Every structure is written in C-alpha cells, then in structure tokens.
Amino acid sequence: ATCGDNAKRGAGVPTLDVMTQKAIDLLSATKAGTEKGFFLQVEGASIDKQDHAANACAQIGETVAFDRAIGVALAYQKTHPNTLIVVTADHSHTSQIIGEDSTGSGDSTGYSDNLTTKDGQVMRVAYATAGGDDKPDAPPSQQHTGAVVPIWASGPGAQAILGTTDH
C-alpha cells in the first residue's frame, strides 16, 4: 500500500493542529496588563484506534497529525519561553516496523501491512497481539503492550521529566 494523507477526519472536522491552535488562542487570551497560565492536554486518540484496527496508513496519518499539533505548541513556546511542553503516551501498542521473515520470502510471521515509503522502499508494519488468519480482511483488535513509552519535554522544568514510563 502507498499511504496518502490518512488522518481520519469527517467532513467539517478541523485537524488536530487547527484545534490545538484554537485552544491555545482561547486559553492564552488575556486582558491588558494581566498574565495567566493555563494547562492544555492534546490527545492523538485516533492513533490508538487505528492501531487496534491494524490500519497502518491511518495510524501513520494520525501520528503525523499529532506531530503537527506538537509543532503548533512548539511555535507558541518560541514566543512564550515559560511554556513547558510534555509529550508522551498512556500506553504502548503492538505495531512495529520489521524486516521480512528469515526465509526472505517477503512473508511476515504475523499480521502485517507492507507500505511503500516516499522514497519507494518497502516498509513492513507488523501487529502481534491478535491473529489475522481467521479474518484476513478484518483483523481482530490489536491490544496494548507493557512496553515502556518515552516522555519528552521542552521548557522550564523539562530536566525533571523522566525519559520513560514503565507499564
């Protein structure tokens, strides 16, 4: 498969970066001479939904959408250096980029999608917590894993943020 712009949004639903910008605009609006802080949580929840469905293109599209939302926050931080940005996940998932199986046949050892990258290379995304043999066109819901997830931070106090969360 070759993935396009695969963030799953309905007609008229703003993108995650547009929603992030609007939230920052509303929360940072202050009256002249006043300065108030705010907390904003932005979630790329559809990344998880697409992983459960073993939909690699949509999962990547949703990850790109989340990355764009982080970019909006980082742009705000440039003009508001007292802003702390923390990026993490609430759990890990099964999808991994892997090579072919050891036979070199191109077959995977579980349910997977072969994607074509922008530079024309094949990238295999594999899912491993639910089988795919019983319904090859509709794999069962993939599950979360217990792997650690990274925590990244930028801004004041970022050095106190741990590098991973153990699940």
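I take buried to mean under 20% relative accessible area, exposed over 50%, and partly exposed in between, with a 1.4 Å probe and protein chains only. With that cut-off I looked up Lys49, which is exposed at a relative accessible area of 53%.

**Entry 1. Ground rules**

The model is predicted, so I note that local features need pLDDT of at least 70, that side-chain atom pairs count only at pLDDT 80 or more, and that totals for chains, interfaces and linings use all residues. Residues are numbered from 1 along each chain as its sequence is written, and side-chain values use heavy atoms, with hydrogens and water left out.

**Entry 2. The chain**

I counted elements as DSSP runs numbered from the N terminus, helices being H or I of at least four residues and strands E of at least two. The chain has three helices and nine strands. In sequence order the pattern reads α-α-α-β-β-β-β-β-β-β-β-β. Of the 167 residues in the chain, 29% are buried. I took contact to mean heavy atoms within 4.5 Å. Among contacts between residues at least 6 apart in sequence, 60% join residues at least 24 apart.

**Entry 3. Helix α1**

I looked at α1, residues 16-28, and found 13 residues. From first C-alpha to last it reaches 18 Å, close to the 18 Å expected at 1.5 Å a residue; the expected span is 1.5 Å times one less than the number of residues. Which residues of α1 are buried? They are Leu16, Thr20, Ala23 and Ile24. Seen down the axis of α1, the buried residues fall within an arc of 100°, so they line one face of the helix. The arc is that of the directions from the helix axis to the C-beta atoms. An α-helix has 3.6 residues a turn, so residues three or four places apart point the same way. The buried residues of α1 pack against α3, residues 56-79.

I then checked Thr20 by itself, in helix α1. Thr20 has a relative accessible area of 3% and is buried. Setting aside neighbours within four places in sequence, Thr20 is in contact with Leu40, Val42, Ala69 and Val72.

**Entry 4. α1 against α3**

For axes I used lines fitted to C-alpha atoms, for helices over the stretch in contact, with angles from 0 to 180 degrees between N-to-C directions. The axes of α1 and α3 come within 7 Å and cross at roughly 30°. Angles under 35 degrees count as roughly parallel, over 145 as roughly antiparallel, 65 to 115 as roughly perpendicular and the rest as oblique. α1 and α3 are therefore roughly parallel to each other. The crossing of α1 and α3 is right-handed, the near helix being turned clockwise from the far one by less than a right angle (anticlockwise would be left-handed). On the α1 side the contact is made by Leu16, Asp17, Thr20, Gln21, Ile24 and Ser28. The α3 side supplies Ala65, Phe66, Arg68, Ala69, Val72, Ala73 and Tyr76.

**Entry 5. Helix α2 and the loop after it**

How do the axes of α2 and α3 cross? The axes of α2 (residues 45-52) and α3 come within 8 Å and cross at roughly 170°. α2 and α3 are therefore roughly antiparallel to each other. I list Ser46, Ile47, Gln50 and Asp51 of α2 in this contact, with Ala58, Gln59, Glu62, Thr63 and Phe66 of α3.

The buried residues in α2 are Ser46, Gln50, Asp51 and His52. They pack against α3, β2 (92-93), β5 (122-127) and β6 (144-145). Lys49, noted at the top as exposed, is found in helix α2 as well. The C-alpha atoms of Lys49 and Glu62 are separated by 9.6 Å, with their positions 13 residues apart along the chain.

I followed the chain on to Ala54, in the loop between α2 and α3. Phi of Ala54 is near 55°, a positive value in a residue other than glycine. Ala54 counts as buried at 5% relative accessibility.

**Entry 6. Late strands**

I found Ile151 in the loop between β7 (149-150) and β8 (152-154). Not counting residues up to four places away in sequence, Ile151 touches Val86, Val87, Thr88, Ile161, Leu162, Gly163, Thr164 and Thr165. Ile151 and Thr164 are 13 residues apart in sequence and 5.2 Å apart in space, C-alpha to C-alpha.

Is Asp166 buried or exposed? At 65% relative accessibility, Asp166 counts as exposed. Asp166 lies in the segment after β9 (164-165). From Asp166 to Ala147 I noted 6.8 Å, C-alpha to C-alpha, the two being 19 residues apart in sequence.
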